[in-house]
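Student: Could you take me through one part of this model in detail? I'd like a close look at the side-chain pairings along one helix, and then a word on what goes on outside that stretch.

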Amino acid sequence: MNHFANLADGHPCRVYLEENQLIRGLIASINSIDIQNDNEEFKEKFARLCRVEKTLCKKRKSTFPLFRAVWLDIAFTKYVGIP
C-alpha cells in the first residue's frame with residue numbers, strides 16, 4: 001500500500017513516509033541477520049541506523065520551533081480569540 005502516492009515529490013509528508021519506509025526496511029534487515037555469523041554486516045547496518053537517528057534528531061530540532069509556533073497560533077486563535 002502506497003500511502004504517499006497522492007503527495008507531490010518533495011512534499012514534507014511524502015519525504016517523512018518514504019524515510020519511515022526505508023528505516024523499517026533497514027530494521028527488518030538488521031533483525032534478519034545472524035549476528036554470530038555475520039557480525040560485520042550487523043555492525044555496518046547498525047551504524048547506518050545510528051546515522052539515520054542523528055539525521056532525524058537534527059530534523060526534529062529544526063522543525064519543532066516551526067510546529068510549535070503554528071500550534072500556538074492556532075491555539076490562541078481558537079481558545080483565546082486572539083487572531
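Tutor: Let's start with a yardstick: a residue is called buried under 20% relative accessible area, exposed over 50%, and partly exposed in between. By that yardstick Glu44 is partly exposed, since its relative accessible area is 40%. Keep in mind that this is a predicted model.

Glu44 has a partner, too. Arg48 makes a salt bridge with Glu44, and the closest N and O atoms are 3.9 Å apart. The cut-off for a salt bridge is 4 Å between a side-chain nitrogen of Lys or Arg and a carboxyl oxygen of Asp or Glu, so a value of 3.9 Å is within it. Both Arg48 and Glu44 belong to helix α2, where they sit 4 residues apart, about one turn of the helix. Arg48 has 37% relative accessibility, so Arg48 counts as partly exposed.

Helix α2 covers residues 39-80, and Lys45 and Glu41 are also in it, again 4 residues apart, about one turn. Their side chains meet in a salt bridge at 3.1 Å, N to O. Here the two ends get separate labels: Lys45 is buried because its relative accessible area is 14%, while Glu41, at 33%, is partly exposed.

Now for the rings. The whole structure turns up 1 aromatic pair. That pair is Phe42 with Phe46, and it is stacked, with 5.8 Å from centre to centre and 20° between the planes. The angle earns the word "stacked" because planes under 30 degrees apart are counted that way. Phe42 and Phe46 are both in helix α2, 4 residues apart, so about one helical turn lies between them. As for accessibility, Phe46 is partly exposed, with a relative accessible area of 40%.

And outside that stretch? Asp9 and Arg14 bring their side chains together in a salt bridge, 3.3 Å from N to O. Asp9 is exposed because its relative accessibility is 68%, whereas Arg14 is buried, at 15%. The pairing goes further: Asp9, Arg14 and Glu18 are linked in a network of salt bridges. The general idea is a simple one: side chains of opposite charge can pair when their charged atoms come close. For the tally, the count for this model comes to 5 salt bridges, including Lys45 with Glu41 and Arg48 with Glu44.

Methods. Residues are numbered from 1 along each chain as its sequence is written. This is a predicted model: local features need pLDDT of at least 70, side-chain atom pairs count only at pLDDT 80 or more; totals for chains, interfaces and linings use all residues. Side-chain values use heavy atoms; hydrogens and water are left out. Buried means under 20% relative accessible area, exposed over 50%, partly exposed in between (1.4 Å probe, protein chains only). Helices (H or I, at least four residues) and strands (E, at least two) are DSSP runs, numbered from the N terminus. Rings of Phe, Tyr and Trp (its six-membered ring) pair if their centres lie within 6.5 Å; planes under 30 degrees apart count as stacked, over 60 as edge-to-face and the rest as tilted.
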